Amino acid sequence: MKRKKDRVRIGFWIVLALFGVIFFAVLELSKNTLLGWALALTLFVSYILLEIKVIKRKKLGIRLLAWCGFFVCIAVSFLISQPPYQRVPAVDNKNPAVTDVVSVTEGDLTGVYNEDKSVEVYAGIPYAKPPVGELRWKEPQEPEKWDGVLACDAFAPMSMQSRNSELMNSLTAIVGYNNYKISLTDNYREAVSEDSLYLNIWKPAGDIKDAPVLVFIHGGYLTSGQPSFSEYRGESLAKKGIIVVNFAYRLGVFGYMADEELAAESESGTTGNYGLLDQIQALKWVQKNIGYFGGDAGKVTIAGESAGSSSVNALCVSPLAKGLFRYAIGESSGITPKNPYHTFRTLEEALESCKQTKQEFGAENITDLRSIPAEKLVQTKAGNSAMTVDGYAITEQPYLTYEKGNNNEQALLNGYNSHEANVFSLFQKVDRDTYHETLMRMFGLYAYEVEEILPFYARDLDYSYIVEMGGEAKGTYDYVLGGTWFGYSHKKWSDYVAAQGKPVFFYYFNKDNRSLRANHGGEMPYAYGNLDRHAWLYDKSDYALSETMMDYWVNFVTTGDPNGGNLPYWERYNENNQILELNDSPRMMDDPYNPLYYIIDKAQNAQ
């Protein structure tokens, strides 16, 4: 009997220890405040002392009651220590020095310096009036003037979007990015708001004049994302002599919902492209004000990744954006195919999506929808992740604008990564039959030609994750999907601009690493110089490639040509249709998807 009791006691202590380890791990991953840690530690110590001195002598019912009480108190400590919402600081260094006052059109403002005072950062500058109340689903309005000096030392809230729990975000960082790090300074949740139309500026410190400007548009499927994301902050590029600007724009149902009633109440007749109109408004603000920061409004380059790259492509065909920039950089997305594969839809599809939203919320009209709180409306199940031809911001299918030569970019740097599609199909198992069925949906009868050059067993699954569903055809499926959704978009974009005699520089990022590898978004920390934010994931070869890519990007922003200095020579795509492989030793090469592009062209033309 005594041995049995001893085993029970040992089991109890083991269970309590395991529970403690798990609970404190959840506190960390959920970014709970230090209050939660203090309360939990106090509760654990108190319970252990009570168990040793008092509870163990009590009857089973009393002990179970004490155990339940302990769990209730632990749960309460977790709930009352949830991380608060707050704005993200503009720089990582504590108590940063404040810049001199800068006077812009709307008023006076100050920024902050980075740690070594080589870069000035101005975060949270309003570029439009808050699109709330009656301004929800209207074209962006000019920002209001302010009195006094506006302290621009923190990023404004990200645009309204559905958010995962901090626990889920942390697990994603661990499993997907491998970049999670324990910290006592990040115990908060980034603020989210419908009032989000603000921009951020990184400039070389001191008095500069006529500096080239890079305006970056974040990605996120037009439904998520934020300009504060560490992987594309502009500090490193600013150290190389250019000014970097990024901004938030309306997303999802707030940015891309279309409705006939909205078109009727608009003076321009527009609907469905409010997020794109925000981007144009931000570029107009840059034209008026970047000179106050030492920038040259005539030397603006727009850049974007994923949905941000699709947005760059849209700005290149928008008559409203003409004259607001000169060069374009597109990374891993575009809308130049005759039938774009993502981030673009017909107006009819957009209008139908709004009808679904109205039905979902029992709304009769736009007035009813405007009365719904943003936190509730953002949960709509109707898809609003695509731009459309509204006759105003986008007047026709984008490829037609390119065929007519009416696009806006004077030079183009663009490309894609070798494993673009892998992260989008993690939860999909693909066997031989599934592979064939998917190809039939994508290519129709031309699927058989795809299977001739890429049978289901042609490619191994190069990358694997804990949540990867796999399947005998998964490697080939990911390869085909990457070439179709991403590679082909850049192929068409490059072909159109090259045919106009404008400089085109086409890349293929193929660098492996311990974070995002060459998956979708993997090139971002290299091109924008943010490897050091997760330095343990990279080695000397990564930093060397990052320096090369940053120099390419800066040269292109400055002159429209990425070449210069001792950089490996990047040939114009116009010359031989070759692309630059970005890896340890950058080199010119044939696009690996050329045989597939030929079939995609036929499938596209048949639609």
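This briefing covers the nonpolar cores, one buried helix, two loop residues, and the pockets and cavities of the structure above. The model is a predicted one. Its largest nonpolar core has 87 residues, and the structure holds 2 cavities of 30 Å³ or more. One residue, R250, appears under two topics below, since it sits in a loop and also helps line a cavity.

**Nonpolar cores**

- In the largest nonpolar core, I201, F293 and Y435 are the members that touch the most other members.
- Helix α16, which spans residues 474-499, gives the most to this core, with 10 residues.
- A second core of 49 residues lies apart from the largest one, and A238, M524, A527 and W570 are among its members.
- Beyond its neighbours within four places in sequence, I201 is in contact with residues that include E120, V121, Y122 and I125.
- The contacts of I201 also include I243, V244 and V245, as well as W285, I290 and F293.
- In soluble globular proteins, nonpolar side chains tend to be buried together.

**Helix α9**

- Helix α9 runs over residues 307-317 and is mostly covered, with 11 of its 11 residues buried.
- Among these buried residues are A307, G308, V312, N313 and V317.
- The buried residues of α9 pack against three strands, β11 (211-217), β13 (295-305) and β14 (327-331).
- They also pack against the helices α8 (274-289), α13 and α16.
- Helix α16 therefore appears twice in this briefing: it packs against α9, and it gives the most residues to the largest core.

**Two loop residues**

- R250 is placed in the loop between strand β12 (243-247) and helix α6 (252-256).
- R250 counts as buried because its relative accessibility is 4%, and the cut-off for buried is under 20%.
- The side chain of R250 has a polar atom 3.0 Å from the backbone oxygen of K138.
- The side chains of R250 and D278 are joined by a polar contact of 2.8 Å.
- G405 is placed in the loop between helix α13 (398-404) and strand β15 (411-417).
- G405 counts as partly exposed because its relative accessibility is 40%, and that class lies between 20% and 50%.
- G405 and G291 are 114 residues apart along the chain, and their C-alpha atoms are separated by 30 Å.

**Cavities**

- The largest cavity holds about 100 Å³ of space.
- Its lining has 13 residues, and H419, N422, G475, D478 and Y479 lie nearest its centre.
- By class, the lining of the largest cavity divides into 3 nonpolar, 5 polar and 5 charged residues.
- The second largest cavity holds about 40 Å³ of space.
- R250 is one of the residues that line the second largest cavity, along with S159, M160, S193, E194, S196, L251 and F254.
- The lining of the second largest cavity has 3 nonpolar, 3 polar and 2 charged residues.

**Second largest pocket**

- The second largest pocket has a volume of about 340 Å³.
- This pocket is lined by 15 residues, and P340, Y341, F344, R345 and E349 are those nearest its centre.
- Its lining has 5 nonpolar, 7 polar and 3 charged residues.

Technical notes: Residues numbered from 1 in each chain as written. Predicted model: local features only at pLDDT ≥ 70, side-chain atom pairs only at ≥ 80, totals over all residues. Heavy atoms only, no water. Helix = DSSP H or I, 4+ residues; strand = E, 2+ residues; numbered from the N terminus. Buried < 20%, exposed > 50% of the residue type's maximum accessible area, 1.4 Å probe, protein only. Polar contact = N/O pair within 3.5 Å; in protein donor to acceptor, adjacent residues only side chain to side chain. Core = buried A, V, L, I, M, F, W, Y, C linked by side-chain atoms within 4.5 Å. Contact = heavy atoms within 4.5 Å. 1 Å grid on protein atoms, 1.4 Å probe; cavity = no way out; pocket = protein on both sides within 12 Å on 5 of 7 lines; lining within 4 Å. Points joined across faces, edges and corners; volume = space filled by probe spheres on them. Nonpolar A, V, L, I, M, F, W, Y, C, P; charged D, E, K, R; others polar.
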